[in-house]
Amino acid sequence: MLETVASTPLIRIVVLILLFSIVALASLFALSRIDRRVSVRGELKALSSGDGHIVAESLTQRRDDAWMRLVNRIERIGLNLGDTRADALREKLRSAGYDSAAAPRLYNLIRLLAVIGLPVLVVLLTVRGDETSFFRLYVFGSIAALAGLYIPALFVRAKADRRREALVNGFPDCLDLMLVCVEAGLGLEAALDRVGREMTIARPEIAQVLTTTTLRLRAGASREDALRNMADDAGVDEIRSFATLLIQSDKLGTSIAGTLRVYASEMRERRRMRAEEKAHRLPVLISIPLVMCMLPVMIGVLMLPAAIGVIRTLVPALNGGG
């Protein structure tokens, strides 16, 4: 394989370009992480000195202007990155936490690069002079193209599931803090803003949802519309039920503190029941590796001495009888 790469100039150039691209992307990723750590330290220093505060931009994931410019430049070249089901794709990406305006186009660009790049890489790695058949290249290239087509979708789905789980697990704590704020005399908008700022580090997903709702309320949206949009952004049944309860409480004039207290108790009970359900599933899940791994070993340990004894008894008897 290495001899084929070294002897073919075209393959050697392509491999060098791929290595350079990998190193460049890794360097850009490392520099972006370092820059973000420096910016976060600066914000924390400003908070400790009392001269600044965490702005909404840092809570709602800052827009990457470089990616936006890249997507716009590619579209100006003539490559359309739009999607026929743009609303469904935008909803899927929003459920995974990608609420940027360029997220659908960037997602289509990544899928396009994966569908083209992975088959090319697989074909270059499987080429071995005249020994490689066209059918083998076709099969491997097709598998790589399918992988490039479905891997981004699987990644987005997995991230959406993790975000949904984080929202469900952290929402009872959010309700407890909101209840404390409301009982202390804060209004609903002030309570949402305070809880969103307090949960920035512990629960960033919930902090993003609450901060976005607060900004909508400050922009002039009605409380009902802001709460319904919050439920749509979260995509979780618990938060959707919470928004419905607040809307009904606002319309009927009931106490928001009492509503929060009852619903916080129910959410804590649901979280405890989910934990008990997972605990009850553990014996069933453990039995699978127990049967597959430990049981054959135990049977071997128990049966081996008896088998050795039988062999020692039967072999001399058979030799003597022969």
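**Exercise 1. Describe helix α11 and the residue that follows it.**

Solution. Gly253, with a positive phi near 80 degrees, comes after α11. Helices here are DSSP runs (H or I, at least four residues), numbered from the N terminus. The model is predicted, so local features need pLDDT of at least 70 and side-chain atom pairs count only at pLDDT 80 or more, while totals for chains, interfaces and linings use all residues. Residues are numbered from 1 along each chain as its sequence is written, and side-chain values use heavy atoms, with hydrogens and water left out.

Step 1: α11 has 16 residues and spans 22 Å from its first C-alpha to its last, close to the 22 Å expected at 1.5 Å a residue. The expected span is 1.5 Å times one less than the number of residues.

Step 2: the buried residues of α11 include Ile239, Phe242, Ala243 and Leu246. Buried means under 20% relative accessible area, exposed means over 50%, and partly exposed lies in between (1.4 Å probe, protein chains only).

**Exercise 2. Identify how Phe242 of α11 takes part in ring pairing.**

Solution. Step 1: rings of Phe, Tyr and Trp (its six-membered ring) pair if their centres lie within 6.5 Å; planes under 30 degrees apart are stacked, over 60 edge-to-face, and the rest tilted. The count by this rule is two aromatic pairs.

Step 2: Phe171 and Phe242 form an edge-to-face pair, 5.2 Å centre to centre with 75 degrees between the planes. Phe171 belongs to α7 (residues 134-183) and Phe242 to α11 (residues 237-252), so the pair links distant parts of the chain, 71 residues apart.

Step 3: Phe171 is buried at 2% relative accessible area, and Phe242 is buried at 2%. Ring pairs join Phe171, Phe242 and Tyr263 into a cluster.

**Exercise 3. Locate the largest nonpolar core and its contributors.**

Solution. Step 1: a nonpolar core is a set of buried Ala, Val, Leu, Ile, Met, Phe, Trp, Tyr and Cys residues joined through side-chain atoms within 4.5 Å. The largest has 34 residues, and Phe171, Met178 and Phe242 have the most contacts inside it.

Step 2: among the elements giving two or more residues to this core are α7, α11 and α12 (256-321). The greatest contribution, nine residues, comes from α7.

Step 3: apart from neighbours within four places in sequence, Met178 is in contact (heavy atoms within 4.5 Å) with residues including Leu192, Leu210, Phe242 and Leu260.

**Exercise 4. Trace the salt bridges that join helices.**

Solution. Step 1: side chains of opposite charge can pair when their charged atoms come close. A salt bridge is a side-chain nitrogen of Lys or Arg within 4 Å of a carboxyl oxygen of Asp or Glu. The structure holds 18 salt bridges.

Step 2: Lys278 and Glu165 meet in one of them, at 3.7 Å from N to O. Lys278 lies in α12 and Glu165 in α7, so this bridge ties together parts 113 residues apart in sequence.

Step 3: Arg268 and Asp176 form another, at 2.5 Å from N to O. Arg268 lies in α12 and Asp176 in α7, so parts 92 residues apart in sequence are tied together. Arg268 is partly exposed at 36% relative accessibility, and Asp176 is partly exposed at 25%.

Step 4: Glu189 bridges to Arg218, with their closest N and O atoms 3.7 Å apart. Glu189 is in α8 and Arg218 in α9, 29 residues apart. Salt bridges that share partners join Glu189, Asp193, Arg197 and Arg218 into one network.
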